[in-house]
Amino acid sequence: MPDQDLASARPLGSARVGIGGPVGSGKTRLLEQLVPRFIERGINLAVITNDLVTQEDAERVRRSGLIAPERVLAVETGACPHTAIREDPTLNLQAADELDARFPGLELVLIESGGDNLASSFSLDLVDYWIFVIDVAGGDDIPRKRGLGVLSCDLLIINKFDLAPYVNVNLPRMAEEAVQVRNGRPVLMTNCAIGDGVDQVVDAITRELLFARSV
Ligand SMILES: Nc1nc2c(ncn2[C@@H]2O[C@H](COP(=O)(O)OP(=O)(O)OP(=O)(O)O)[C@@H](O)[C@H]2O)c(=O)[nH]1
């Protein structure tokens with residue numbers, strides 16, 4: 001649950017949600033599944049992507065046709081994806097403020113981090129709520145490794161649950177261990193390839209963040 005003071009720190013600005021996690025866990029695919037769902041719910045939305053030295057993820061989202069291309073900004077992070085979301089989030093803050101200025105009434109900015117390790121986390125100066133995406137193909141021992149991202153995010157997503165039978169992952173056990181190491185904080189399972197479980201992610205963001213800011 002986001003800190004109430006932080007959630008109300010920008011009463012006139014957009015709510016900001018971070019999406020982090022290891023390389024290839026499905027962050028961009030999750031973004032591509034979230035965007036049409038929020039737009040369908042009438043949310044005034046924009047996106048920021050972080051890449052090392054390219055704008056590949058931003059181009060992918062712009063080309064998708066899911067959202068007006070001018071609502072997608074790219075931040076190039078250089079060698080350190082975590083610096084841009086944690087130690088010095090200036091570039092991301094500037095990008096989010098630019099989107100707020102460009103689109104009056106902007107309600108939500110989704111900020112995808114570059115792929116990083118299990119220790120990556122978001123600065124609460126940058127986001128009001130953050131999601132960490134791991135995937136079953138990375139191994140069912142990931143929750144037991146107690147990475148900072150897994151432990152401290154507002155919502156942990158175990159993605160690619162469709163692949164569990166092919167990589168010998170015991171899905172219920174992986175989910176149970178994830179809930180255990182997080183002391184019962186939220187864990188959801190998704191198949192972002194086809195969108196299974198993504199409605200629950202939208203519900204969680206709406207309930208924990210958008211609704212909380214509107215009351
Ligand atoms: N089978 C399956 N494949 C998935 C799922 N989610 C994503 N993928 C695939 O996994 C690959 C990586 O997904 P991305 O969304 O690019 O991963 P990412 O975390 O954004 O990657 P980086 O930005 O490089 O860190 C792509 O080929 C996706 O199509 C899923 O739930 N199931």
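In this predicted model, Ala15 stands opposite Leu108 in strand S4. The two belong to a wider pairing, in which strand S1 (residues 15–20) runs parallel to S4 over 5 bridges. Strand S4 also has a parallel partner in strand S2 (residues 45–51), again over 5 bridges, and here Val47 stands opposite Leu110 of S4.

Strand S4 itself, spanning residues 108–112, is mostly covered, with 5 of its 5 residues buried. Side chains in a regular strand alternate between the two faces of the sheet. In S4, Leu108, Leu110 and Glu112 point one way, while Val109 and Ile111 point the other way, and all are buried.

Several of these strand residues reappear in the largest nonpolar core, which holds 57 residues. The members that touch the most others are Val17, Val47, Val109, Leu110, Ile131, Leu156 and Ile158. Strand S5 (residues 129–135) gives the most to this core, with 6 residues. A good place to look at the packing is Val17: beyond its neighbours within four places in sequence, Val17 is in contact with Leu108, Leu110 and Ile111, as well as with Val127, Tyr129, Trp130, Ile131, Ile205 and Leu209.

Next comes the loop between S1 and H2, where both Pro22 and Gly24 are found. An unreviewed UniProt entry places a "binding site" feature at Gly21, Pro22, Val23, Gly24, Ser25, Gly26, Lys27 and Thr28. Pro22 counts as buried because 20 C-beta neighbours lie inside 10 Å. Gly24, by contrast, counts as partly exposed because 14 C-beta neighbours lie inside 10 Å. Leaving out residues up to four places away in sequence, Pro22 touches Gly115, Asp116, Asn117, Leu118, Ile134 and Gly138.

The ligand is surrounded by 16 residues, of which Gly26, Lys27, Thr28, Arg29 and Gly115 come nearest. Among these, Gly26, Lys27 and Thr28 also appear in the UniProt binding-site feature, and Gly115 is one of the residues touched by Pro22. Helix H2 (residues 27–40) gives the most to the shell around the ligand, with 3 residues. By type, the shell divides into 4 nonpolar, 7 polar and 5 charged residues.

On the scale of the domain, the unreviewed UniProt entry lists residues 17–188 as "domain: CobW/HypB/UreG nucleotide-binding". Over this stretch the chain is 34% helix and 20% strand, with the end C-alpha atoms 16 Å apart.

Definitions and conventions: Residues are numbered from 1 along each chain as its sequence is written. This is a predicted model: local features need pLDDT of at least 70, side-chain atom pairs count only at pLDDT 80 or more; totals for chains, interfaces and linings use all residues. A residue is near a molecule or strand if its C-beta atom, placed from the backbone, lies within 6 Å of it. Helices (H or I, at least four residues) and strands (E, at least two) are DSSP runs, numbered from the N terminus. Ala, Val, Leu, Ile, Met, Phe, Trp, Tyr, Cys and Pro count as nonpolar, Asp, Glu, Lys and Arg as charged, and the others, Gly among them, as polar. UniProt positions are given in the numbering used here, feature names are shortened, and annotations may be inferred rather than shown by experiment. A nonpolar core is a set of buried Ala, Val, Leu, Ile, Met, Phe, Trp, Tyr and Cys residues joined through C-beta atoms within 7 Å. A residue is buried if 20 or more other C-beta atoms lie within 10 Å of its own, exposed if 12 or fewer, and partly exposed in between; C-beta atoms are placed from the backbone. Two residues are in contact if their C-beta atoms, placed from the backbone, lie within 7 Å. Two strands pair if DSSP finds at least two bridges between them.
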